[in-house]
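Thanks for sharing this one. Here are a few notes to read with the model open beside you.

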Amino acid sequence: MADPTNHNQAGEVAPSTVDKQAPSVAEEHAPSTDSPEATDIPTANTPDPKAANPEDNPNAAKPAAASPKREKPAAADATEEKPAAAKAAKKEKAPAVENKPFVEFIEQDYLPALQKAIAQKGVQDLQVSFAKQKMPITGFESAEECWQIIGSWSEIGKRQFNLYFPDEDIQGKKGFSCNEGKKPSTLESFLIDERKITLDLLVYGLVQRLDGQKWLGRN
């Protein structure tokens, strides 16, 4: 029977096919040496990321950014004081004189202001009264009594004017008449185009009407 073992020469054993294939198989599966591969082993050229200066070493670990400081909220007292001060000022503000009761407003505020304004126009002997009576106008004898201001002075004869308030309200209807020693025959509307009547407007309107009659100043 033939010996299965091949012999090239006397005393030498031929290598098996496994031994022939081992180098080639190892080389086929071995990693390539052409491209470098990162490893976990630190080298002398790579500084420790924790100890290196971030400015010199791009691989250094950057410190965590500090959280921004929170600004303290503005004092609530400052914002609360303004509304409180505004409310206090609003409460302290005196009510408008025009809101007074009608008779009280005429006697306490309007008559003194009117006398002063007419005196500044050169009339020194003005006499003013406030009464509820019939209108001294021809044709109005049967009309009801109404509140009216009667003013008169004796410069160049007897001059008299009447300002009527039939509604007993300065914001309501108003009338005017004037005469020089005779009974007036005409009743005029007074300040009918104004939306809101104030003390100053009521004084100014009457002074302007008397000035238009050429009863004031050098007229």
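1. Of the chain's 219 residues, 24% are buried (under 20% relative accessible area, with exposed over 50% and partly exposed in between, using a 1.4 Å probe and protein chains only). Please keep in mind that this is a predicted model: local features need pLDDT of at least 70, side-chain atom pairs count only at pLDDT 80 or more, and totals for chains, interfaces and linings use all residues. Residues are numbered from 1 along each chain as its sequence is written, and side-chain values use heavy atoms, leaving out hydrogens and water.

2. The chain has 4 helices and 5 strands, in the order α-α-α-β-β-β-β-β-α. These are DSSP runs numbered from the N terminus: helices are H or I with at least four residues, strands E with at least two.

3. The largest nonpolar core (buried Ala, Val, Leu, Ile, Met, Phe, Trp, Tyr and Cys residues joined through side-chain atoms within 4.5 Å) holds 32 residues, and Ile106, Tyr110, Ile118, Phe161, Leu202, Leu206 and Leu210 touch the most other members. At least two residues each come from α3 (102-119), β2 (146-153), β3 (159-165), β4 (175-179) and α4 (199-212). The top contributor is α3, with 8 residues.

4. Have a look at Ile118: beyond its neighbours within four places in sequence, its contacts (heavy atoms within 4.5 Å) include Phe161, Val207 and Leu210.

5. Ser177 sits in strand β4 and is buried, at 1% relative accessible area. Among the residues Ser177 touches, not counting those up to four places away in sequence, are Ile137, Phe161 and Pro184.
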